[in-house]
Amino acid sequence: MNVPLLDLKAQYAPIRDEVRKVMDEVCDAQYFILGPKVEQFEKNVAEYCGVKHAVGASSGTDALLMAMMALDIGAGDAVITSTYTFFATAGSIARLGATPIFVDIDPVSFNIDPEQVRAVLANPPENVKGMNIKAIVPVHLYGQMADMDSLLEIASEFGVSVIEDAAQAIGAEYPSKDGVRRAGAMGDMGCFSFFPSKNLGGFGDGGMVVTNDDALADKLRKLRNHGMAPKYYHQFVGGNFRLDALQAVVLDVKLKYLDEWHAARRDNAAVYNKAFAGSSVETPATIYADTAAVNYHIYNQYIIRVEDRDAVRDRLLANDIGCDIYYPVPMHLQECFSDLGYKLGDFPISEQAANETLALPIYPELTDDMQEYVAGVVKAER
Ligand SMILES: *Cc1c(COP(=O)(O)O)cnc(C)c1O
């Protein structure tokens, strides 16, 4: 049996007519960049996330760049983030000339460890002495939110901003001390990606920054269009970080189904959890709630942890089952960051995770038969 890691054709088939209709409307209007369709989608995302403002962007990476530019992060500044993330989080910091400060993760959630954030704020590493530590960028990895209450408390104690990298977590929730909040809604800004493999994926690149801050929203809207307002008058240097109307209408259709798709992913996670119960396969922990009715994880990835990870991966691939490693090399060991002076052993929890984690197919359209087959191959010879 072939089981791909992700099957976007299966997602497209039932919504094909609806999607083609709205794409046709954009083609007939010939209004392709920003405009009313983008504004409508921004409004719907803001409502979905429970925030005041949503500003469409050209990708999740550009959303992160815009958010950091809105805080004037640049040379002489430092930004704290997790070493165990997709490259864009750290790359955006470096592209602005700022210095990333990496910290290790919590071994159970795979998310940034707030106590280590506190430790580097209290005692910054040698290479950033004299720099201004401006922000913390927690990543809600795999679709489960980082410990935002603790992070916000630490941020306010040290007077730094918080930008949520919520690229994998649109719709994920967190039971904060003020009630349940959605990803992106708790920090100064939250950044989303609509890369096709995210739970809300476009027909190309796209992203979004959300915020409750009026001034930041205004600055973000200018930044994504060369810092321009009014036309041909530039208050500051921005970029072309604009969202296309074609992406906006496709994403707006998909947004209506998002909670349904999240629920199907959770059901699939429960099937795997049951199949692996009692085996040596470690299944993803649901940190904040763990009942059938309450699960705040959106499972952009379903990640197992096994000691013989590479052997399991090879066996899955040999049996025509898609799987992948997110991510094989933590940021502090990447060649492009070698000048920061980190070395193997600096962040042992991330290094171990990079050697032991494996993503299994979890997409909503997966059948029970497929899951049974995947679980059987994972468990073979155990
Ligand atoms: C996907 C992703 C991004 C970047 O999004 P793009 O839309 O691909 O630019 C950033 N951070 C994380 C954690 C991601 O998973």
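**Salt bridges, cores and cysteines in a predicted model**

Q: Which residue forms a salt bridge with arginine 305, the closest N and O atoms being 2.9 Å apart?
A: In this predicted model, arginine 305 lies in strand 10 (residues 302–305) and its partner in helix 12, so the pair ties together parts that are 51 residues apart in sequence. Arginine 305 counts as buried at 8% relative accessibility, and the partner is likewise buried, at 12%. The residue that forms this salt bridge with arginine 305 is glutamate 356.

Q: How many residues apart in the chain are arginine 224 and glutamate 42?
A: The two residues form a salt bridge whose closest N and O atoms are 2.8 Å apart. Arginine 224 is buried, with a relative accessible area of 7%, and glutamate 42 is buried as well, with 5%. Arginine 224 sits in the loop between helix 8 (214–223) and helix 9, whereas glutamate 42 belongs to helix 3 (residues 36–49), so that the pair links distant parts of the chain, and the separation is 182 residues.

Q: Is aspartate 310 buried or partly exposed?
A: Aspartate 310 forms a salt bridge with arginine 309, and the closest N and O atoms of this pair are 2.7 Å apart. Arginine 309, at 5% relative accessibility, counts as buried. For aspartate 310 the relative accessible area is 38%, and this residue is therefore partly exposed.

Q: Which residues are joined into one network by salt bridges that share partners?
A: By the rule applied here, the count for the model comes to 21 salt bridges. One of them pairs aspartate 310 with arginine 309. Through shared partners, the network joins Arg309, Asp310, Arg313 and Asp314.

Q: Which elements do the buried residues of helix 11 pack against?
A: In helix 11 (residues 309–318), the residues Arg309, Val312, Arg315 and Leu316 are buried. Because they cover an arc of only 130° around the axis, they are placed on the same side of helix 11. The elements against which these buried residues pack are helix 12 (348–356), strand 11 (357–360) and helix 13 (368–379).

Q: Which residues have the most contacts inside the largest nonpolar core?
A: In soluble globular proteins, nonpolar side chains tend to be buried together. In this model the largest nonpolar core has 63 residues, and its largest share, 7 residues, comes from helix 9 (residues 245–255). This core draws at least three residues from each of domain 1 (8–255) and domain 2 (258–379). The residues with the most contacts inside it are Phe41 and Val117.

Q: Which residues is valine 117 in contact with, leaving aside its neighbours within four places in sequence?
A: Valine 117 is one of the two residues named as having the most contacts inside the largest nonpolar core. With its neighbours within four places in sequence left aside, valine 117 is in contact with Ile80, Val103, Ile112, Ile136, Leu151 and Ile154.

Q: How many disulfides does the rule count?
A: The sulfur of cysteine 49 has its closest cysteine sulfur in cysteine 191, 12 Å away, which is too far for a bond, given that a disulfide requires the two sulfur atoms to be within 2.5 Å. Cysteine 191 is in no disulfide either, the nearest sulfur being that of cysteine 49. Cysteine 49 counts as buried at 3% relative accessibility, and cysteine 191 counts as buried at 1%. By the rule, the count of disulfides comes to 0.

Terms used:
Residues numbered from 1 in each chain as written. Predicted model: local features only at pLDDT ≥ 70, side-chain atom pairs only at ≥ 80, totals over all residues. Heavy atoms only, no water. Buried < 20%, exposed > 50% of the residue type's maximum accessible area, 1.4 Å probe, protein only. Core = buried A, V, L, I, M, F, W, Y, C linked by side-chain atoms within 4.5 Å. Helix = DSSP H or I, 4+ residues; strand = E, 2+ residues; numbered from the N terminus. Domains from an automatic or database assignment. Contact = heavy atoms within 4.5 Å. Arc of directions from axis to C-beta. Salt bridge = Lys/Arg side-chain N within 4 Å of Asp/Glu carboxyl O.
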